[in-house]
Each structure stands twice: as C-alpha cells, then as structure tokens.
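The report below describes one protein chain through its helix packing, its charged pairs and a few individual positions. Please read it alongside the sequence and the structure.

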Amino acid sequence: MGILEKISEIEKEIARTQKNKATEYHLGLLKAKLAKYRAQLLEPSKSSAVKGEGFDVMKSGDARVALIGFPSVGKSTFLSLMTSTASEAASYEFTTLTCIPGVIEYKGANIQLLDLPGIIEGAAQGKGRGRQVIAVARTADVVIMMLDATKGEVQRCLLERELESVGIRLNKSKPNIYFKPKKGGGISFNSTVTLTQCSEKLVQLILHEYKIFNAEVLFREDCSPDEFIDVIVGNRVYMPCLYVYNKIDQISMEEVDRLARRPHSVVISCGMKLNLDYLLEKLWEYLALTCIYTKKRGQRPDFTDAIILRKGASVEHVCHRIHRSLASQFKYALVWILENLLSPSHASTHLNSSRNCSSLRSVCAVGYIFG
C-alpha cells in the first residue's frame, strides 16, 4: 500500500470515528500517523537523477507576497493591474504555467508579487504542479488567496485544506508549547494552564508514535493534539493570509456585503478596478512594514528615500541597512514618532553603546543616527 492509500485510509477512519473521551487517544494517534505520512509525501524523491526546470524566483524587494487560487479567478489580471509586469490572461484555464514575478511600489516599499499557476484539488499530492506552487508559497511573507466571488465558499474551503495538509497555517500563531528532545530521563510533562484538549497520556502516545521516548514538554496554553503535532514536526509555516474575492460586479450587493464582513476578507473587481486601493492598504497592514526616514543634524528629514524594515526591527537593524560598520561605532539615536503620519509627538530615545535597542513600533519613525 502506497503513502497516498495510507493517507486516504487514515482520513476515512478519522471521519467515521466519533469524537468523545473514549476515542480521543485513538484519534490522537491517527492524527500523528497522518502528519507523518504527509511529511513523507512532501519529501523530494531521491531516485530522480535529472533536475527539473527551476520554478521559484529569487527573492527581492522589501517583502514577498504569493498569489494563490484556482485557475481563472483573476490572478494574472490582478498582477498586471498592480505591477508593471504583463501576465498573460485569457478565458481558458491554466493560462499561467510558471511563476511570474512583479513589483508593487507602495509607500516607498518594493513588494514582490508572485503570480503562481492555478492549483487544483489534490495539489498537496502533486497534482497540477501543486507541490511546486505550495513550496513557493511557503517562502512568502503574506498569502493572497484569490477567490471567485460567484462560487461561494467552495474554493476557500478546498484551498485551506490543501495548504493545511502541507503545513501552512493561515492567520494562526505558533502554539506556545516548549518542546525539547533529550537523550535520557523519560518524558517530563508540565503545564501552566488547565488543559481541556490534551492530557499527559495522549502526549506520551503521540511522542511514542514519533519514536520519541525522552523529551521535556511544557504547555503554556490550552492547545489541541494537532497543534502539539505541529510543534513536534517543526516545519510548519505560520503566515497571514488575505482572502480576496474577485468578480464582485457579478453578484448581488447583499452577497458583497456578506463577503466583505468576513474576517481577513477583501472584495474587489479586477475587471472594473473596484476597491484595489483598499486592498493595498490591507496588504500593507498585514505585511507589518515600517518606514524609517533619516535626518541630518539641523536639516529637515528626507522623506524621498525610506528605509523599509519588518515589525520588531531595532535601531541596530537600521544601522546595518545604512552601513555595516555603523553599528560598531553607534552611541545613541534621536527618534521622532509620527503617529499615522500626522501629528509628530517627539520621542527622544537615547540608546547606550551596547546597542540593546528597543523595537521600532511606530507607523513611521524619523531619526538621526550618528556615531
């Protein structure tokens, strides 16, 4: 029996097993086996000696965004509207057969947008170059899931299931579980909260399924067995996702209003160029980028050339972006925080030479760095 058949059998057994206290250990073991087989399925084949044609493109710009969706939902049209790259768009499916990159210039940042080929049901098992498409999506900072508004929620559910099966967790945070394999001493299990979904016995059964008999486990939040398996596997990707419903000009206003009120959702029309500006604003928010502008002493800030950094960046990161040698000579910085780019509330931050710098949490910061 091949891996695909084993995965199918386990999925059927999970579906027909009633969920209660008596079956929770059995279901936990089945989920652990399912995650193991899916990981084996995604491993590259060692027997293939001939290298295939490259599919991914070099990462460039300040952030990377991947366009994922079924064929003929408007991904290529969206890329052509948002960037200067012309991607072929036609009325037939699978117009795009490879990864086509483009660059969105927004608020001084260069955002790389990747138009990926349309994926189909079963992409996680390799159908329709699905594995290559999903592998590129794992390298993105944000996923835009392009959906056809005329087809309801069917596409969204199928795509979420495909991405979930290959370890991409959309709009979820990493489980707060400490896990460390050891060479001896058995399994040490502790929790700082009351657990309602996992027990010590279930944790031990899951670890034994992965042939782990010595480990330290600490639950800092009430997590499910699936989340604990994700921590064990360790190759899960947690990324924000925007669900973009295209072709809203073909549905009723009531349906547009319902879709727009869903969490993490934006409604647009590429054909009539509706709501594209709002989509860019939401994309900037999900990317969590910060614009840093430098200022010379006695002069006005230079707002023409911004330094783009990710959320959680420190002043040391700014020094490295300007010049590698600047951080070693750094003494202190003066930082002005501009709330929503309107009223500057002066926040003078003096930082010592140890460069233990606090994060730049503002929407936009203007500062003068000197040694």
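What follows begins with the chain as a whole and then turns to helix contacts, salt bridges and single residues.

## Overall picture

The model is predicted, and the values given here are computed from its atoms. The secondary structure of the chain comprises ten helices and 16 strands, and buried residues make up 43% of its 371 residues. Among the contacts in the chain with a separation of 6 or more, 65% are accounted for by residues 24 or more positions apart.

## Helices α6 and α7

Helix α6, covering residues 200–209, packs with helix α7, covering residues 225–233, at an angle of about 40°, and their axes are 11 Å apart. Because angles from 35 up to 65 degrees fall outside the roughly parallel and roughly perpendicular classes, α6 is oblique to α7. The crossing of these two helices is right-handed.

On the α6 side, the residues that meet α7 are L202, V203, I206 and L207, and their counterparts in α7 are P225, F228, I229 and I232. By class, this contact has eight nonpolar residues, with no polar and no charged ones. The buried residues of α7 include P225, F228, I229 and I232, and the list is completed by D230 and V231. Following α7 comes G234, whose phi is positive, near 80°.

## Helices α3 and α9

Helix α3 (residues 75–82) and helix α9 (residues 276–287) pack at an angle of about 85°, with 12 Å between their axes. That angle makes α3 roughly perpendicular to α9, since the range for this class runs from 65 to 115 degrees.

F78, L81 and M82 are the α3 residues in this contact, and they meet L276, L279 and L280 of α9. The contact of α3 with α9 has six nonpolar residues by class, and no polar or charged residues.

## Salt bridges

Side chains of opposite charge can pair when their charged atoms come close. The structure holds 14 salt bridges. One of them joins the side chains of R310 and D141, at 3.2 Å from N to O. This pair links distant parts of the chain, 169 residues apart: R310 belongs to strand β13 (residues 307–310), whereas D141 is in the loop between α4 (130–137) and β4 (142–148). R310 is partly exposed, with a relative accessible area of 33%, while D141 is buried at 16%, which is under the 20% cut-off.

Within a single helix, E160 forms a salt bridge with R156, and the closest N and O atoms are 3.5 Å apart. Both residues lie in helix α5 (residues 154–165), four residues apart, or about one turn of the helix. An α-helix has 3.6 residues a turn, so residues three or four places apart point the same way. E160 is partly exposed, with a relative accessible area of 27%, whereas R156 is buried, with a relative accessible area of 7%.

E164 likewise forms a salt bridge, here with R169, and the closest N and O atoms of this pair are 3.5 Å apart. E164 is partly exposed, with a relative accessible area of 32%, and R169 is buried, with a relative accessible area of 6%. The two residues belong to a network of salt bridges that links E164, R169, K172, D230 and R236. D230 of this network is among the buried residues of α7, although the contact of α6 with α7 has no charged residues.

## Two serine positions

S265 is located in strand β11, which covers residues 265–267. S265 counts as buried, because its relative accessibility is 8% and the limit for that class is under 20%. Leaving aside neighbours within four places in sequence, S265 is in contact with R156, Y243, Y245, L259 and A260. R156 in this list is also the salt-bridge partner of E160.

S60, by contrast, lies in a loop, the one between α2 (24–42) and β1 (63–69). S60 is partly exposed, with a relative accessible area of 37%. The C-alpha atoms of S60 and Q112 are separated by 6.5 Å, although the two residues are 52 residues apart along the chain.

Note on methods. Residues numbered from 1 in each chain as written. Predicted model: local features only at pLDDT ≥ 70, side-chain atom pairs only at ≥ 80, totals over all residues. Heavy atoms only, no water. Axes fitted to C-alpha atoms, helices over the stretch in contact; angles between N-to-C directions. Parallel < 35°, antiparallel > 145°, perpendicular 65-115°, else oblique. Left-handed = near helix turned anticlockwise from the far one by under 90°. Contact = heavy atoms within 4.5 Å. Nonpolar A, V, L, I, M, F, W, Y, C, P; charged D, E, K, R; others polar. Salt bridge = Lys/Arg side-chain N within 4 Å of Asp/Glu carboxyl O. Buried < 20%, exposed > 50% of the residue type's maximum accessible area, 1.4 Å probe, protein only.
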